[in-house]
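Hi,

Here is the structure I said I would pass on. Have a look at it first, and my notes follow underneath.

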Amino acid sequence: MLYHNRRALHRHGITYPASRHDAHFLAALDLMRMPWGGLETQAIGAWDSLAAKVRGTRGDAIISHEILATASRVQIGRALESLGHGDDAEIHLVLSARDLVRQIPAEWQENVKHRAALSYGAFLERIRDPRREGRIPTWFWGVQEIPDILDRWGADLPPERVHVVTVPPAGGTPELLWKRFVEAFGLDGISLQLDGERVNPSLGAAETTLIRRINRAVNEQLDPAQYRPLVRELLAHQTLSRRTRTPRLALPPDVHPWAAELEESWIAEITARGYDVIGDLDDLRGAPPVADYADPDHPDEALVSRAAVDALKAVLLDHARLQRELGQREGELRDTQRLLEKAHLRPTYRWREKLVRRLESGRAGALAMKAYRAARGRSSRSA
């Protein structure tokens, strides 16, 4: 169960608890209100503000965001100290962990959905390079190398306060992972809303290939504000993710032994350190290699073409919808314009307009009109 002064740092998201002022409180990062990652100038002081809110909370606090996993030891030390570590706060680390066999293709796909045009083969080469140089390997291992994350964040915590929540294998009941989080955070007996509006659906191999080709074609023409609603949301999430009968993105069979060896070393390291494991460490062993591997770098072009037709259909229908809405707005604007023109033709309007001009021509009249507009709660001249 959670202690009154327990503070948990967690890598992934968790549903907001129901109102319960004397028990659990989810402290959301102020950075979440910004565009992803925010700007450095906007983020200055955000952590200190969050830490102050946590220290001032009567109950428990959960701070959760995936970018926390990449923090350096210096940053982690400052973060824990700002939350009261070393004083009266009891800080726990909670890390959700999934096998590399699923994580690797999922990470490449996320890169593609964020405008990347790098091939799957090139991505695999970069993350397997022992030097781990460059943006992609640095980010990937910063958020995926479980023992290293646990070592950095848990170095100054007793092992019983470091909790590893394993993600069940594919095909299990969705409630099982939530039950593990309930155990980790002591949420038994609290009424929670488990279904949410935000989802991050996956794509098949052919569909991911199509998005990568689109990125190569339009990245220089579309800025991020245009890309997000058009490509990531309309095409990837709302359209192509519904094509669930095509081959799924998977780990290549020749890469599988390398990933399996890493998984085994991670399981051994977690066991040796004596962390609290919620779930089963066997969950960190990925599924066997797929029998029919679909290579997204050399896809079935017929499947890519069908996906492209669905994507084009979605764009056309969305364009037609926008045209209808634009027509409706133009009609409303014309109706409003006609009403204004009729109002201008009324004798009373012309008389009021003449009176306002006369009043504003003098200092006393202008002050009177200013007071009148303030009283009406308006600032426009029409008031």
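To get you started: in which helix is the place of L316? L316 belongs to helix α12, which covers residues 301–345. Before you go further, bear in mind that this is a predicted model.

**Around helix α12**

L316 is one of the residues behind a nonpolar patch on the surface: together with L312 and V315 it makes an area of about 280 Å². L316 counts as exposed, because its relative accessibility is 54% and the cut-off for exposed is over 50%.

K313 is found in helix α12 too. With 52% relative accessibility, K313 is also over the 50% cut-off and therefore counts as exposed. If you want to see what K313 comes up against in space, find T239: the two are 74 residues apart in sequence, yet their C-alpha atoms are 9.4 Å apart.

**The second largest pocket**

Next, try the second largest pocket, which holds about 650 Å³ of space. It is lined by 20 residues, and the closest to its centre are W47, I67, L68, A71 and Q75.

Which helices each supply at least two residues of that lining? They are α2 (46–55), α3 (73–82), α6 (135–144) and α7 (146–154). Sorted by class, the lining of the second largest pocket has 12 nonpolar residues, five polar ones and three charged ones.

**Two arginines with positive phi**

Two loop residues are worth a click as well. R115 sits in the loop between α4 (100–113) and α5 (120–128). Its phi is positive, about 85 degrees, although R115 is not a glycine.

Is R115 buried or exposed? R115 is buried: its relative accessible area is 18%, and buried means under 20%.

The other one is R132, in the loop between α5 and α6. R132 is again a residue other than glycine with a positive phi, this time near 50 degrees. R132 has 29% relative accessibility, so it counts as partly exposed, the class that lies between the 20% and 50% cut-offs.

If you only have a few minutes, I'd suggest this route: begin at the patch of L312, V315 and L316, go from K313 across to T239, then turn to the second largest pocket and W47, one of the residues closest to its centre. After that, finish with the loops that hold R115 and R132.

Cheers

Notes
Residues are numbered from 1 along each chain as its sequence is written. This is a predicted model: local features need pLDDT of at least 70, side-chain atom pairs count only at pLDDT 80 or more; totals for chains, interfaces and linings use all residues. Side-chain values use heavy atoms; hydrogens and water are left out. On a 1 Å grid over the protein atoms alone, a cavity is a set of points where a 1.4 Å probe fits but cannot get out, and a pocket is an open set with protein on both sides within 12 Å along at least five of seven lines; lining residues have an atom within 4 Å of a point. Grid points are joined across faces, edges and corners, and a volume is the space filled by probe spheres set on the points. Helices (H or I, at least four residues) and strands (E, at least two) are DSSP runs, numbered from the N terminus. Ala, Val, Leu, Ile, Met, Phe, Trp, Tyr, Cys and Pro count as nonpolar, Asp, Glu, Lys and Arg as charged, and the others, Gly among them, as polar. Patches are made of residues with over 30% relative accessible area and no salt bridge: like charges are joined within 9 Å, nonpolar side chains (Val, Leu, Ile, Met, Phe, Trp, Tyr) within 5 Å. Accessible areas come from the Shrake-Rupley method with a 1.4 Å probe; for residues, only the protein chains shown count as cover. A salt bridge is a side-chain nitrogen of Lys or Arg within 4 Å of a carboxyl oxygen of Asp or Glu. Buried means under 20% relative accessible area, exposed over 50%, partly exposed in between (1.4 Å probe, protein chains only).
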